Amino acid sequence: MIDMHTHILPGIDDGAVDLAESMWILERGGRAGVKTFILTPHIKEDADWDRIHLMRETFGMLRDECTKTGMDANLILGAEIAITPDLPDRIKKNTAVTINNRYVLVELSFHQLPVFAEIVLFKLLAGGIIPIIAHPERYLYLSGKMEKFAAWVENGVLFQINTGSLNGQYGMGVKRFARKLLNEGLISFAGSDVHSRGDIYRSFSEVYKKVSEMADSDKTAQAIKAMDLCEE
């Protein structure tokens with residue numbers, strides 16, 4: 001299995017605080033059957049863009065620790081990037097935040113859809129970068145706009161659901177919206193959005209299987225192949 005959304009890099013954002021916690025999370029994910037972890041630290045402010053070199057150094061340290069301890073985990077570095085008007089230009093200058101130079105995990109506002117959001121998404125697509133929208137089910141202001149999701153998918157945008165959303169982790173409204181998006185076949189990927197020690201992986205395999213069964217299998221398979229990820 002592939003976890004498309006994690007905050008495992010130690011000491012980088014509000015995720016794992018140190019190497020020990022990172023390894024603990026990876027071990028629990030491995031027990032649940034996760035083989036590939038996409039590491040997606042937050043990039044929200046200018047200061048976050050300025051520390052991309054630190055992200056890469058920390059990623060190398062974590063990967064080395066996995067090798068040293070025999071941890072069987074395939075780690076891929078990406079980022080969860082807050083949408084901004086200049087996002088396409090920033091990504092052109094910082095391809096390290098993309099997955100295989102072609103995909104990028106994008107976070108929308110939790111309060112309302114930014115007026116520039118659609119322009120940014122389609123500029124990314126025009127530039128050869130495919131946006132994967134992180135946890136769309138948590139943007140409840142979009143729950144009555146399914147036609148917008150369908151149009152985005154039609155144009156090439158992909159969506160990643162949080163496994164915890166289907167278990168009620170973020171409330172019943174999010175759970176209902178998550179089911180609706182799945183039922184409409186608008187979700188391509190599942191992610192834990194894990195930040196710290198806990199039982200987030202307890203039901204990961206069960207939810208992952210459900211998402212896999214209901215996702216757009218063709219687009220998902222094409223994206224996984226293009227990202228050079230390893231399937232189970």
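## A tour from one loop to a helix pair

Start by selecting N100, which sits in the loop between α4 (87-93) and β6 (103-107). Keep in mind as you click around that this is a predicted model. Check the backbone here: N100 is not a glycine, yet its phi is positive, at about 60°. Now look at the surface around the residue. N100 counts as partly exposed because its relative accessible area is 41%, which falls between the 20% and 50% cut-offs.

Next, select N101. This residue is also found in the loop between α4 and β6. What is phi of N101 near? Pull up the backbone angles and you'll get a value near 60°, again positive in a residue other than glycine. Is N101 buried or exposed? With a relative accessible area of 52%, N101 is over the 50% cut-off, so it counts as exposed.

Time to move on to a pair of helices. Select residues 117-126 for α5 and residues 146-155 for α6. Two packed helices are described by the angle between their axes and the distance between the axes. For this pair, the axes come within 11 Å and cross at roughly 15°. That makes α5 roughly parallel to α6, because the angle is under 35 degrees. If you turn the view to look at how one passes the other, the crossing of α5 with α6 is right-handed.

Now show side chains where the two helices touch. On the α5 side, pick E118, L121, F122 and L125; on the α6 side, pick K148, W152 and N155. Colour these residues by type and the contact divides into four nonpolar, one polar and two charged.

Finally, zoom out and select the whole protein. How many helices and strands are there? Switch to cartoon and you have nine helices and nine strands to page through. The C-alpha atoms fill a box of roughly 50 × 40 × 30 Å along the principal axes. The radius of gyration is 16 Å, which agrees with the value near 17 Å that a compact globule of 232 residues would have.

Try colouring by accessibility next: 53% of the 232 residues count as buried. Then draw the contacts. Among those with a separation of 6 or more, 79% come from residues 24 or more positions apart. To close the loop, go back to N100 and N101 with this overall view on screen: N100 is partly exposed, and N101 is exposed.

Key
Residues are numbered from 1 along each chain as its sequence is written. This is a predicted model: local features need pLDDT of at least 70, side-chain atom pairs count only at pLDDT 80 or more; totals for chains, interfaces and linings use all residues. Side-chain values use heavy atoms; hydrogens and water are left out. Axes are lines fitted to C-alpha atoms, for helices over the stretch in contact, and angles run from 0 to 180 degrees between N-to-C directions. Helices (H or I, at least four residues) and strands (E, at least two) are DSSP runs, numbered from the N terminus. Angles under 35 degrees count as roughly parallel, over 145 as roughly antiparallel, 65 to 115 as roughly perpendicular and the rest as oblique. A crossing is left-handed if the near helix is turned anticlockwise from the far one by less than a right angle, and right-handed if clockwise. Contact means heavy atoms within 4.5 Å. Ala, Val, Leu, Ile, Met, Phe, Trp, Tyr, Cys and Pro count as nonpolar, Asp, Glu, Lys and Arg as charged, and the others, Gly among them, as polar. The radius of gyration is taken over C-alpha atoms; the globule rule is 2.2 Å times the number of residues to the power 0.38. Buried means under 20% relative accessible area, exposed over 50%, partly exposed in between (1.4 Å probe, protein chains only).
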